[in-house]
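Take a moment with the chain before reading on. We will go through it piece by piece, starting from an open space and ending with a single residue.

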Amino acid sequence: FGWYVLLANEFQQLGKHIAAGAGFVSNLVLWGEAGYFDTSAETKPLLHLWSLGIEEQFYIFWPLLLWFVWKRKYRPLRIIIFIAIASFCLNLYEINKDSVATFYSPLTRFWELLGGSILAWISLYKSKEIAKTRAKLNELFRVILFRRLSDDSKVLANIISFTGLLLLVYGFWRLHKTMTFPGKWAVVPVLGAVLIIAAGPDAWFNRKVLSHKVLVWIGLISFPLYLWHWPLISFAQILDDGHTSELTRVCAIAAAFLLAWLTYRFIERPLRFSGHNNIKVIFLMVLMAIVGVVGFYTYHEKGFILRANESNNAVTGKIAVQSTEIIEYECGKQIPELQSYQFIGGCKLSKNAPPEIAFVGDSHTMHYKKSLWNKLSDESLLMIAQPACFPVSSDRFLKGECKRKYDAVNEYLQNSPSIKTVVLSGFWNYLMASGSEENDGGWVQVDPLTEEAGKSFKKNAISMISGLLKSKKRVIFIRDNPNIDFNIKNCFNSRPFRISSTLRKECSISSQDFRERVAAYDAVIDEILSDFPSVEVYDTRSFFCKDGRCNASDGQLPYYTDSNHLTTYGADKVVDDMLKKGYFDRH
């Protein structure tokens, strides 16, 4: 299906994810992809296999551990609980340092699976002790709840079951995609599931609701339903360029149920319950190997770009932000002061020499890197990027690990004798408001600016800029490029097949509408810059916004890769404009 409907870069990514799924390492591959220039989760048809990867890695590790414990005659429960606690603590420690790694790493997710393992061991090997304890607690709760002795033996089971249900309901209500996860919040669904299972078949909810034939049927098809649902929803998102209608989503879910039942009836049951097990194992292993090789070959061949016509290939290539190769060096040897810090966007040098110009920011600095490396090839450049933190942000971001990195970088910049110029750029609206949400089509809608956030951003920005100026650094401040409110791919007839979306007549937004949308943020920036007349300001809007429109394309090729990040082509245009206006003539 991907062959007929995906662009070359999308088909290449699908091939990589097929190979990763065949090798049960989807979580590790997705972990390596994650970042500000990563494609939207909704456009990855095999994204859901990350959880299967973690499960399979657990199933490889777990029997080996049990064998080791049995061989050494250790006490299994203590070992299991120790590993579960260690995994949970690592999850809590890492979630604020690197939420993406914490989400995809098996080491920070094993505790969730071990919750079931602990319950299974206790049920198997401590059944008598558990039965006695449950009987005593059941009698206690009968007296508390009914104020009299009762022969109801299911009171405790019902309490445990309903507590688990309430935790799951609370999790569905409280957890949402903008929260960092797993972290502490993962306890809610894990504990809820453990309690419902621990309650056993006598609990009313388990006996009357979960045992209903409709839910039992859903349980039977649950695994193929898991496999089918996300590819259908994802392909619908892709074919509608992010503007999927409610009807389309309902149809995708209905199709997932139908296909899941057909898979269970004609594939899963025959494979599970027929004979010839050895032949089936060999057949499935060979088939999986073939699938993995085909996926890897598709990735290696860059999605068979010759499937599309030449003009669409050019557009696709330019939309991909990683379009040219550059040579870069890690900061370690040249900047030992920053060796102990990990920067999500990286700490990179264009030359293996002390840097002369430093670029500090977030992903809206990173998208200039290839252009700067190529167009300022005679200079020694440094780029330090930390999304949701650098170059300066409101207090909501500027705390904890972010604050420690921020202080270390500031101290280095101010004390470095080689650095003469510091360039500050970033997604200022996002850094100021400290949050956003993605709408259909990938438009990042920044949260409204509060008075408190504006004041803390201003305070932090003044502190940073004044420190740089006192240390005799030349400071260049880049006003951010406009963020567009539509999917850039709708400007080009590049998709082989669409459901309903149409091409935009104008690949631009109204300058007036944009300025009204960002007026509150601009006012804070203006107040800050008014205190520092020596700071040189480059406004990207002087390039993008002309004749009442802010353009996302020159009519041939896109400036944007999504709603707010620039392609290499767009970044080249901005850097050329800065060079033309003399911003890098001296440093």
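Which element gives the largest share of the lining of the second largest pocket? Helix α15 does, with nine residues. Keep in mind that this is a predicted model.

Stay with that pocket for a moment. Its space comes to about 1500 Å³. Besides α15 (277-300), the elements that give two or more residues to its lining are α1 (2-5), α2 (8-22), α4 (49-72), α13 (222-239) and α14 (246-273). The lining counts 38 residues, and L49, L52, F223, L227 and M288 lie nearest the centre. What classes do the lining residues of this pocket fall into? There are 26 nonpolar, eight polar and four charged ones.

Now step back to the whole chain. It has 587 residues, and 46% of them count as buried. The secondary structure amounts to 25 helices and 12 strands. The chain exposes about 30900 Å², and 61% of that comes from carbon and sulfur atoms. Look also at how the chain meets itself. Take the contacts between residues at least 6 apart in sequence: 73% of them join residues at least 24 apart.

One pair of residues shows this kind of meeting. S99 and F181 are 82 residues apart along the chain, yet their C-alpha atoms are separated by 7.0 Å. S99 lies in helix α6, which covers residues 99-104. Leaving aside neighbours within four places in sequence, S99 is in contact with E94, T180 and F181. Is S99 buried, partly exposed or exposed? S99 is partly exposed, because its relative accessible area is 30%, and partly exposed covers values between 20% and 50%.

Next, the strands. Seven of them form an open sheet with mixed pairing, in the order β1-β2-β4-β3-β5-β8-β10. β1 (329-330) and β10 (536-539) stand at the edges. Each has a single partner strand, so one side of each is left without a neighbour in the sheet. Strands of a sheet pair through backbone hydrogen bonds, either parallel or antiparallel. Strands β3 (residues 357-361) and β4 (residues 381-385) run parallel, and five bridges join them. Follow one bridge across: F359 has M383 in β4 as its partner.

How many cavities of 30 Å³ or more does the structure hold? It holds two. The largest has about 100 Å³ of space. Of its 13 lining residues, W428, N429, D480, D522 and R541 are the closest to the centre. Helices α20 and α23 (519-530) each supply at least two residues of this lining. By class, the lining has six nonpolar, three polar and four charged residues.

The second largest cavity has about 40 Å³ of space. L6, E10, Q13, L14, H17, T43, P45 and I238 line it. Helix α2 gives the most to this lining, with four residues. Four of the lining residues are nonpolar, three are polar and one is charged. Helix α2 also belongs to the elements that line the second largest pocket.

Finish with N429, one of the residues closest to the centre of the largest cavity. N429 is found in helix α20, which covers residues 428-433. Why does N429 count as buried? Its relative accessible area is 12%, and buried means under 20%. Not counting residues up to four places away in sequence, N429 touches V446, V518 and Y521.

Key
Residues are numbered from 1 along each chain as its sequence is written. This is a predicted model: local features need pLDDT of at least 70, side-chain atom pairs count only at pLDDT 80 or more; totals for chains, interfaces and linings use all residues. Side-chain values use heavy atoms; hydrogens and water are left out. Buried means under 20% relative accessible area, exposed over 50%, partly exposed in between (1.4 Å probe, protein chains only). Contact means heavy atoms within 4.5 Å. Accessible areas come from the Shrake-Rupley method with a 1.4 Å probe; for residues, only the protein chains shown count as cover. Two strands pair if DSSP finds at least two bridges between them. On a 1 Å grid over the protein atoms alone, a cavity is a set of points where a 1.4 Å probe fits but cannot get out, and a pocket is an open set with protein on both sides within 12 Å along at least five of seven lines; lining residues have an atom within 4 Å of a point. Grid points are joined across faces, edges and corners, and a volume is the space filled by probe spheres set on the points. Ala, Val, Leu, Ile, Met, Phe, Trp, Tyr, Cys and Pro count as nonpolar, Asp, Glu, Lys and Arg as charged, and the others, Gly among them, as polar.
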